[in-house]
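Look over the sequence and the model below before reading on. The paragraphs that follow walk through them region by region.

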Amino acid sequence: MMEKFDVIVIGAGPGGYVAAIRAAQLGMKCAVVERESLGGICLNWGCIPTKALLKSSESYLTAAHGSEYGFTAENVRPDISAIVSRSRGVASTMSKGIEYLFKKNGVSVIKGEARLRAEDGRAVVDVVREDGETAVYCADHTIIATGARAASLPFAPIDGKKILGYRNALVPESLPSTMAVIGSGAIGSELAFFYSSLGVDVTIIEFMDRILPLEDDEASAQLSRSFRKRGIKVMVSSAVKSIDVSGEGALLKIDTKKGEVELKADVVLSAVGVVPNTDNIGLENLGIECVKRRIPVNARYETSFKGVYAIGDVIATPALAHVASAEAINCVENIAGLNPSPVDYGIVPSCTYTSPQVASVGLNERTAKEKGVEYKTGKFPFTASGKATAAGEREGFVKILADPDTDKVLGASMVGENVTEMLSVISLAMKMGATCKDIMSVIFPHPTMSEAIMEAAAALHGEAVHI
């Protein structure tokens, strides 16, 4: 017996669960197939538990350096089991929240492994349930939202012991003395900061000539200085050639500009990116051919097989949770005939939750030059901010790019305390076509870190006057 739905979503991450809830809100009979926990990698093994760990490490650092704020905290030390337990509890709470939203909106949850196939010209979803039995489902519209998993180096597969993926790194039973982190994107940088904060001797190894290579050059340089100040060793323009785990710990051989060097570490964190989960889901049965492991789609997220869609990390758009959610809503509203405006990929925020944080949206100076876009900049350092000084968080800056003719905001890069919470001011300004003069005309509360946005806009016009 084949059960039929209006919409079936494969995957319950930030793309899948948002798609399912929106479909239900629009009156469609909807089901989600999920083989693990509701919320996907983001809620269970990515965005959320990582932020819980970082909050613990930041709280520890504040207590350990209490004398800088006028108090003394004695015998402050991290309890890694308690830190991990709190993080897992936060993830569990959020996953249960998704379960509640599904029940509230009438979304059916099908636990198991999904595989697509064609039958009578339509897509059918076979689900191998936890009991080993296979159930068959079909829908007018099937959305693939299976996300991605950690990539690994060909010569250093993740074993969960000496070579860790992000999942292993989120649940350590004990803290190593030394750690090598390969890759300095958001995952690598955040976990490097976390482990270093708790006393681990951390070395970051980055193939590109700067850490956070997709960010503004000045932002990357600022975080690199901050990391080195905290004792994190940073190796850029460096390529790991081999890892020997036969002895005690791991021995890495690394090509650098000065020649080959060796590095010993108790554990290695592989943070070299993610791989889309497009294998073993039956795409070949539908004649869908991937390009570099990603599913080609049109502007409505339709694949080459009628009635089948794809969103999130499995398509060639930024592999970010908030992008997947935006695509989910757009895809479902298109299915419902609402004709929503396309997702604006020129205004995608990027956030790294280290200390200081790094946040950006739109163009930075490097990308503007690569695209041949004329721009002018305004920059305001947090060393001149009263709130930042009072908080003891003076590292970083806000930099805004604007069109030299129209004064419209083209993008921004920020480094500093809580700048990820400030970034949406710029996103909104870009969406509304605002100018730097518009930003300058807004009364920002004083004293706040967000005043730096106004000051950067004013600096662009040579009119910064506040502290």
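Is Val442 buried, partly exposed or exposed? The model is a predicted one, and in it Val442 has a relative accessible area of 43%. Buried would require under 20% and exposed over 50%, so Val442 counts as partly exposed. Val442 sits in the loop that joins helix 13 to helix 14. Its C-alpha atom is 10 Å from that of Ile453, a residue eleven places away in the sequence.

Ile453 belongs to helix 14, and there the picture is one of burial: Ile453 is among the buried residues of that helix, which also include Glu451, Met454, Glu455 and Leu460. Helix 14 covers residues 451-460, and nine of its ten residues are buried. The cover over these residues comes from several elements, including strand 20 (376-381), strand 21 (397-402), strand 22 (409-416) and helix 11 (419-422). Helix 12 and helix 13 also take part in covering the buried residues. Just past the end of helix 14, Gly462 has a positive phi of about 70°.

The loop that holds Val442 also contains Pro447. The peptide bond leading from His446 into Pro447 is cis, with omega near 0°. A cis bond is also found from Ser355 to Pro356, where omega is near 5°. Pro356 is in the loop between strand 18 (350-352) and strand 19 (357-362).

Another loop, between helix 12 (424-431) and helix 13 (436-441), holds Thr435. Thr435 is buried, because its relative accessible area is 15% and the limit for burial is under 20%. Beyond its neighbours up to four places away in sequence, Thr435 touches Thr406, Asp407, Lys408 and Val409. In the loop between strand 22 and helix 11 lies Asn418, which has a positive phi of about 60° without being a glycine. Asn418 is partly exposed, with a relative accessible area of 38%.

Records give a wider frame for these residues. In an unreviewed entry, UniProt lists residues 348-457 as "domain: Pyridine nucleotide-disulphide oxidoreductase dimerisation". That span is 35% helix and 26% strand, and its end C-alpha atoms lie 20 Å apart. UniProt also places "domain: FAD/NAD(P)-binding", again from an unreviewed entry, at residues 5-328. Over residues 5-328 the chain is 30% helix and 27% strand, with 18 Å between the end C-alpha atoms.

Next comes the packing of nonpolar residues. In soluble globular proteins, nonpolar side chains tend to be buried together. Here the largest nonpolar core has 54 residues, and Val9, Phe102, Ile143, Ile144, Ile295 and Ile311 have the most contacts inside it. Helix 1 (residues 16-25) contributes the most to this core, with seven residues. Apart from it lies another core of 35 residues, which includes Phe193, Ala219, Phe227 and Phe397. Val9 shows what the contacts of one core residue look like: leaving out residues up to four places away, those it touches include Gly16, Ala19, Cys30, Val33 and Ile143.

Where is empty space left? The structure holds two cavities of 30 Å³ or more. The second largest cavity has about 40 Å³ of space, and residues lining it include Ala150, Tyr166, Ile187 and Ser270. Its lining has six nonpolar residues, two polar ones and no charged ones.

The second largest pocket has about 620 Å³ of space. Its lining consists of 18 residues, and those closest to the centre are Tyr69, Arg230, Ser355, Gly392 and Glu393. Ser355 is the residue that precedes the cis bond to Pro356. Two elements, helix 3 (47-64) and helix 7 (217-229), give two or more residues to the lining; the largest share, five residues, comes from helix 3. By class the lining of this pocket has three nonpolar, six polar and nine charged residues.

Helix 3 also contains Ser56. Ser56 counts as buried, since its relative accessibility is 14%. Apart from its neighbours within four places in sequence, Ser56 is in contact with Ile83 and Arg86.

One further backbone feature is at Arg293, in the loop between strand 16 (274-276) and strand 17 (308-310). Arg293 is not a glycine, yet it has a positive phi of about 70°. With a relative accessible area of 40%, Arg293 is partly exposed.

Methods. Residues are numbered from 1 along each chain as its sequence is written. This is a predicted model: local features need pLDDT of at least 70, side-chain atom pairs count only at pLDDT 80 or more; totals for chains, interfaces and linings use all residues. Side-chain values use heavy atoms; hydrogens and water are left out. A nonpolar core is a set of buried Ala, Val, Leu, Ile, Met, Phe, Trp, Tyr and Cys residues joined through side-chain atoms within 4.5 Å. Buried means under 20% relative accessible area, exposed over 50%, partly exposed in between (1.4 Å probe, protein chains only). Helices (H or I, at least four residues) and strands (E, at least two) are DSSP runs, numbered from the N terminus. Contact means heavy atoms within 4.5 Å. UniProt positions are given in the numbering used here, feature names are shortened, and annotations may be inferred rather than shown by experiment. On a 1 Å grid over the protein atoms alone, a cavity is a set of points where a 1.4 Å probe fits but cannot get out, and a pocket is an open set with protein on both sides within 12 Å along at least five of seven lines; lining residues have an atom within 4 Å of a point. Grid points are joined across faces, edges and corners, and a volume is the space filled by probe spheres set on the points. Ala, Val, Leu, Ile, Met, Phe, Trp, Tyr, Cys and Pro count as nonpolar, Asp, Glu, Lys and Arg as charged, and the others, Gly among them, as polar.
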